[in-house]
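Here is a short set of questions and answers on the packing inside one protein model, to be read beside its sequence and coordinates.

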Amino acid sequence: MKPLEAIVGKPADAGNGEFNCLAMSVAWVGLGSNLESPSDQVTTAIDALDRSPGVRVLAMSSLYRTVPIGGPPDQPMFCNACAALATSLGARALLDLMHAIEAEHGRVRDVRWGARTLDLDLLAYDDLRCRDPALQLPHPRAFERAFVLVPLAEIAPALTLGSAGRVADLARVIDAQGVERWDKK
């Protein structure tokens with residue numbers, strides 16, 4: 001997927017022929033839920049992102065049923081997906097929007113890697129590299145998680161996750177046991 005450099009909007013004034021142009025970035029987001037109808041949580045979060053000012057969903061992967069990694073034992077299975085977004089928001093503003101959407105879905109952050117109604121992770125934002133404690137890009141553990149790499153490879157196989165390499169190459173060699181299409185029983 002090639003980064004989207006600009007999106008031309010509707011004429012600002014139909015009489016003068018001017019167009020609104022916004023510089024856009026491409027962001028890749030991981031979505032997950034294992035509480036309260038997980039597949040519904042993921043799909044409504046995608047809709048919320050798409051309705052947000054300055055954000056447009058470009059692509060969404062299939063939904064995947066995945067085994068919980070880390071956290072307390074005996075958690076329900078997760079529903080995971082990835083999406084590509086065109087956005088005029090900066091990386092930090094997009095992360096803040098994602099946290100607000102998580103809160104609207106009842107996300108509680110009391111147990112690390114515990115069960116949750118919604119988890120939105122900013123995986124990559126253009127080719128930005130960031131090591132701020134509040135925002136690390138690309139996501140520092142994305143390259144070692146099959147529940148991220150398998151859906152991300154559907155929509156962004158050529159995406160590079162920093163020094164870890166291309167998504168397609170990483171997905172090809174990771175152990176994807178415990179990751180299956182959501183619609184499979």
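Q: Leaving aside neighbours within four places in sequence, with which residues is Leu-94 in contact?
A: Contact here means heavy atoms within 4.5 Å. The model is predicted, so local features need pLDDT of at least 70 and side-chain atom pairs count only at pLDDT 80 or more, while totals for chains, interfaces and linings use all residues. Residues are numbered from 1 along each chain as its sequence is written, and side-chain values use heavy atoms, with hydrogens and water left out. On that basis, the partners of Leu-94 are Ala-27, Val-55, Leu-85, Thr-87, Leu-89, Leu-122 and Tyr-125.

Q: Which element supplies the largest share of the largest nonpolar core?
A: A nonpolar core is a set of buried Ala, Val, Leu, Ile, Met, Phe, Trp, Tyr and Cys residues joined through side-chain atoms within 4.5 Å, where buried means under 20% relative accessible area (1.4 Å probe, protein chains only). The largest such core has 29 residues, and Leu-31, Leu-85, Leu-94, Ile-101 and Leu-122 have the most contacts inside it. At least two residues each come from β3, α1, β4, β6, α2, β7 and β9 (135-137), helices being DSSP runs of H or I with at least four residues and strands runs of E with at least two, numbered from the N terminus. The largest share, six residues, comes from α2.

Q: Against which elements do the buried residues of α1 pack?
A: Helix α1 covers residues 38-51, and its buried residues are Pro-38, Ser-39, Gln-41, Val-42, Ala-45, Ile-46, Ala-48 and Leu-49. They pack against β3 (25-33), β4 (55-60), β6 (78-87), α2 (91-104) and β7 (119-125).

Methods. Expected span 1.5 Å × (residues − 1). Buried < 20%, exposed > 50% of the residue type's maximum accessible area, 1.4 Å probe, protein only.
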